[in-house]
Amino acid sequence: MNGNTPYAGLPGETAAGQRAAADIPDLSSSQKRLLHRDVSRIAARTREFLPNEYIVDADVSTSATGPQVTVAVRPPVGHAVSAGFTPEMEEISEEIITADERDEVARGLAASAALQVKRAVSDAVTPTAK
């Protein structure tokens, strides 16, 4: 029944199915390169915090609200963890995601992935001493 209303669909979509150009920000090729470089830096920084058994991957996609960044870590055991966010595209200079933001995301992902391993093996490991 929701599909029969004029309010159905994605925000900014008109009755004729045309998307308003102002709703989705278009990135220039240089902005895309900067964003991919910054996301690769987050993944590389995350790898620095973790042993080689952890798999780290990054992705940049486009959502209804603009570019979407996802960095994920697959620990050797336990559940995968990821961080997804939409970067601010207003103030673009040499970097879209600042060094402090990259470090914060990398540290958080590494800590979450390590915690997943700890949770997965906590019952299987007998402490040697107390």
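Me: How many salt bridges does the structure hold?

Reply: Let's start with the general idea. Side chains of opposite charge can pair when their charged atoms come close. A salt bridge here is a side-chain nitrogen of Lys or Arg within 4 Å of a carboxyl oxygen of Asp or Glu. The structure holds five of them. Before going on, keep in mind that this is a predicted model, where local features need pLDDT of at least 70, side-chain atom pairs count only at pLDDT 80 or more, and totals for chains, interfaces and linings use all residues. Residues are numbered from 1 along each chain as its sequence is written, and side-chain values use heavy atoms, with hydrogens and water left out.

Me: Which elements does the chain have, and in what order do they run from the N terminus?

Reply: Helices (H or I, at least four residues) and strands (E, at least two) are DSSP runs, numbered from the N terminus. The chain has two helices and three strands, and the order is α-β-β-β-α.

Me: How do I compare the span of helix 1 with what is expected?

Reply: Take 1.5 Å times one less than the number of residues, and you have the expected span of a helix. Helix 1 has 21 residues and should span 30 Å; its end C-alpha atoms are 31 Å apart, which agrees. For helix 2, with 23 residues, the distance from first to last C-alpha is 33 Å, close to the 33 Å expected.

Me: Which residues of helix 1 are buried?

Reply: Buried means under 20% relative accessible area, exposed means over 50%, and partly exposed is in between, using a 1.4 Å probe and protein chains only. In helix 1 the buried ones are Q31, L34, L35, D38, V39, I42, A43 and T46. An α-helix has 3.6 residues a turn, so residues three or four places apart point the same way. The buried residues of helix 1 pack against strand 1, strand 2, strand 3 and helix 2. Over in helix 2, the buried residues include R102, V105, L109 and A113, and their cover includes helix 1, strand 2 and strand 3. Across the chain of 130 residues, 26% are buried.

Me: Where do the residues of the largest nonpolar core come from?

Reply: In soluble globular proteins, nonpolar side chains tend to be buried together. A nonpolar core is a set of buried Ala, Val, Leu, Ile, Met, Phe, Trp, Tyr and Cys residues joined through side-chain atoms within 4.5 Å. The largest one here has 22 residues, and L35, V39, V71, V73 and L109 have the most contacts inside it. Helix 1 (29–49), strand 1 (55–63), strand 2 (66–74), strand 3 (81–85) and helix 2 (99–121) each supply at least two residues of this core.

Me: What does V73 touch?

Reply: Contact means heavy atoms within 4.5 Å. Leaving out residues up to four places away in sequence, V73 touches T46, L50, Y54, I55, V56, A80, V81, L109 and A113. One of these partners, A80, is found in the loop between strand 2 and strand 3. At 47% relative accessibility, A80 counts as partly exposed. The C-alpha atoms of A80 and A113 are separated by 7.0 Å, with their positions 33 residues apart along the chain.

Me: How are strand 1 and strand 2 joined?

Reply: Two strands pair if DSSP finds at least two bridges between them. Nine bridges join strand 1 to strand 2, and the two run antiparallel. A hairpin connects them through two residues. To see one bridge pair, look at S61, whose partner in strand 2 is Q68.

Me: Back to the charges: is D38 buried or exposed?

Reply: D38 counts as buried because its relative accessibility is 0%. R102 forms a salt bridge with D38, the closest N and O atoms being 3.7 Å apart. R102 lies in helix 2 and D38 in helix 1, so the pair ties together parts that are 64 residues apart in sequence. D38 also has a salt bridge with R37, at 3.2 Å between the closest N and O atoms. R37, D38, R41 and R102 are linked in a network of salt bridges.

Me: Which residue forms a salt bridge with E48?

Reply: That's R45, with the closest N and O atoms 2.6 Å apart. Both lie in helix 1, three residues apart, about one turn of the helix. E48 counts as exposed at 57% relative accessibility, while R45 is partly exposed at 24%.
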